[in-house]
Every structure is written in C-alpha cells, then in structure tokens.
Amino acid sequence: MSTGGTLLVTGGGRGIGAATALLAAQRGYALCINYRRDADAAERVAEQARAQGVPALAFRADVADEAQVGKLFRALDDALPPLTALVNNAGIVDRQSRVEDMSATRLRRMFDVNVVASFLCAAEAVRRFRRTGTAGAIVNVSSVASRLGSPGEFVDYAAAKGAIDSFTVGLAREVADIGVRVNAVRPGLIRTDIHADSGEPGRADRLRPAIPAQRIGEPDEVARTILWLLSEEASYVTGAIVDVSGGR
C-alpha cells in the first residue's frame, strides 16, 4: 500500500535515479521508473520497489521527445495513483572534448536530453498538479559542473546544467502560488556509470584529490537529499539549489 504519493523518476534505471527510486519505495512512494535503453535494469529497480510493497511501473521513453513524454505521463495516469512528485534525473554526457571540436549535432542532443526533457516533464507534472490541486514537488538533478565549467572536457554539459539551475529558480517562482515546490541538487563526483560514458571510467578517481572531503560520493547520498527536498520536511524550501559535492 502506497503512503508516500506517486513519484516519477526519469533515467531511473541506474545511478542516482535508481538510488532515488529505491529509497522512495522504502518511504512508501508508488513509482514510475522511466528509462530509454536498458529495460532489464529499469525492471530490476521496479521489482525491488514492488518488494517494498509499493506499485512500480518501468516505462521506456526518450524524454527529449515531446510525443514520448506524453505517452509516459498517460501510462503513469493509467497505472498509478495521481502524480505528486517528479525527479528530472535523465541526463547524458559525451566523450571528453574541447569546444572547438564539438559538433552542432552533439550540442543539440546534449541540450535536448539535459534541458528540453526537464522542461517537457515539468510541464506535464505541473498541469497535473494544477488539475488535481496537488501541492506537488519537483527536484531537478543539476551538477556542480554548472559552476565549474568543466573546461577541456564537458563545457556543453556544464552549460546545460547551468540552464537547469536557472530553470529551477524560474519555475519555482512561477508555480509557488499553487503550492508546487521546485528545487535542484548539484551532485559532484559521484560513483556512477556516467564517467564510463565519457570515455574515462576512472575519471572520478583521477579528480578525487580536488574534493575537500577526499572521497567520491555515493548515489545514495544524493538520493537522500532528493527525498528530503520532496518531503514535508522541506515544505518551505523552493527555488533552492543544494550542492552534494563533498565541498567541491
């Protein structure tokens, strides 16, 4: 029996998304776990959530595609109780590159997945919150790259996450009067597969000396911050951007 509301986590099959979904299940949320490629991983997360006694749906959708986002939210509407929370976690990096070597194709995909997708999903969520009178909550997953710039590696990713920071503040102020809260977390170097996607699986270990806490963060540490921001314990927190970065 779900007691925590209904949460959609985009990119919920691995890393921070999976950790967030599993912690949410422990706290009683019904879950919609969105994924784009790895159906097996997303279904494993859903199965673990169901083992906690909550309903869970794994649904494939490219959240950068408006039509697929619509299908995702309609599937959630049909299968689960009304939406109360959204975590915009889906995101990508590309191979490390300097700006002069980045193509327009790379840049468009980077901003489509990391920025446009969050706008599309938030819009669908806000429409539902407004229609049902739900005091919903949205958490966007940004990155400390938004203030560090990631020179020589991922300036495009950093710029996209900078857009997420601005989006968080703007949307929070736009929907506060209907009781909807919007916040963001900015993870630092976290032990996830995203580093392998960049072409350097050991990147976090290479950069560990630059972390004041002198260790790499774990997905669960980000998930706990996300769940706090979704909870009533953060009932007067909106438009906030919380670094989860070990001081970096």
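Here are legends for five close-up views of this predicted model.

The model is predicted, so local features need pLDDT of at least 70 and side-chain atom pairs count only at pLDDT 80 or more, while totals for chains, interfaces and linings use all residues. Residues are numbered from 1 along each chain as its sequence is written, and side-chain values use heavy atoms, with hydrogens and water left out.

**View 1. An open sheet of seven strands.** Read across the sheet, the strand order is 3-2-1-4-5-6-7, and the pairing is parallel. Helices (H or I, at least four residues) and strands (E, at least two) are DSSP runs, numbered from the N terminus. Two strands count as paired if DSSP finds at least two bridges between them. At the edges sit strand 3 and strand 7 (241-244), each pairing on one side only. On average, neighbouring strands are turned by 15° against each other, direction ignored. For a look at one pairing, take strand 4 and strand 5: they run parallel and are joined by four bridges. Ala85 stands opposite Ala137 in strand 5.

**View 2. Two helices lying across the strands.** Helix 2 lies across strand 2 and strand 3, and runs at about 170° to strand 3. Helix 4 (residues 104-132) lies across strand 4 and strand 5, this time at about 175° to strand 4. For these angles, axes are lines fitted to C-alpha atoms, for helices over the stretch in contact, and angles run from 0 to 180 degrees between N-to-C directions.

**View 3. The largest nonpolar core, with Val185 picked out.** A nonpolar core here is a set of buried Ala, Val, Leu, Ile, Met, Phe, Trp, Tyr and Cys residues joined through side-chain atoms within 4.5 Å. Buried means under 20% relative accessible area, exposed over 50%, and partly exposed in between (1.4 Å probe, protein chains only). This core has 34 residues, and those with the most contacts inside it are Leu7, Leu31, Val87, Val185, Ile226 and Leu230. Elements giving two or more residues include strand 1 (6-9), helix 1 (15-26), strand 5 (137-141) and helix 9 (219-230). Helix 1 supplies the largest share, seven residues. What does Val185 touch, leaving aside its neighbours within four places in sequence? Its contacts (heavy atoms within 4.5 Å) include Val139, Val141, Val222, Ile226, Leu229, Val242 and Val244. There's also a second, separate core of 30 residues, with Ala30, Leu86, Ala90 and Ala125 among them.

**View 4. Cys32 and Cys121, with no disulfide.** A disulfide is a pair of cysteine sulfur atoms within 2.5 Å, and by that rule the count is zero. Why is Cys32 unbonded? Its closest cysteine sulfur, in Cys121, is 9.8 Å away, too far for a bond. Cys32 counts as buried, at 0% relative accessibility. Cys121 is also at 0% relative accessibility and counts as buried.

**View 5. Two aromatic pairs.** The structure holds two of these. Rings of Phe, Tyr and Trp (its six-membered ring) pair if their centres lie within 6.5 Å; planes under 30 degrees apart count as stacked, over 60 as edge-to-face and the rest as tilted. Phe119 and Phe167 are stacked, 4.0 Å centre to centre with 25° between the planes. This pair links distant parts of the chain, with Phe119 in helix 4 and Phe167 in helix 6 (residues 155-175), 48 residues apart. Phe119 is partly exposed at 41% relative accessibility, whereas Phe167 is buried at 9%. The rings of Phe154 and Tyr157 have centres 6.5 Å apart and planes at 75°, so this pair is edge-to-face. Both Phe154 and Tyr157 are buried.
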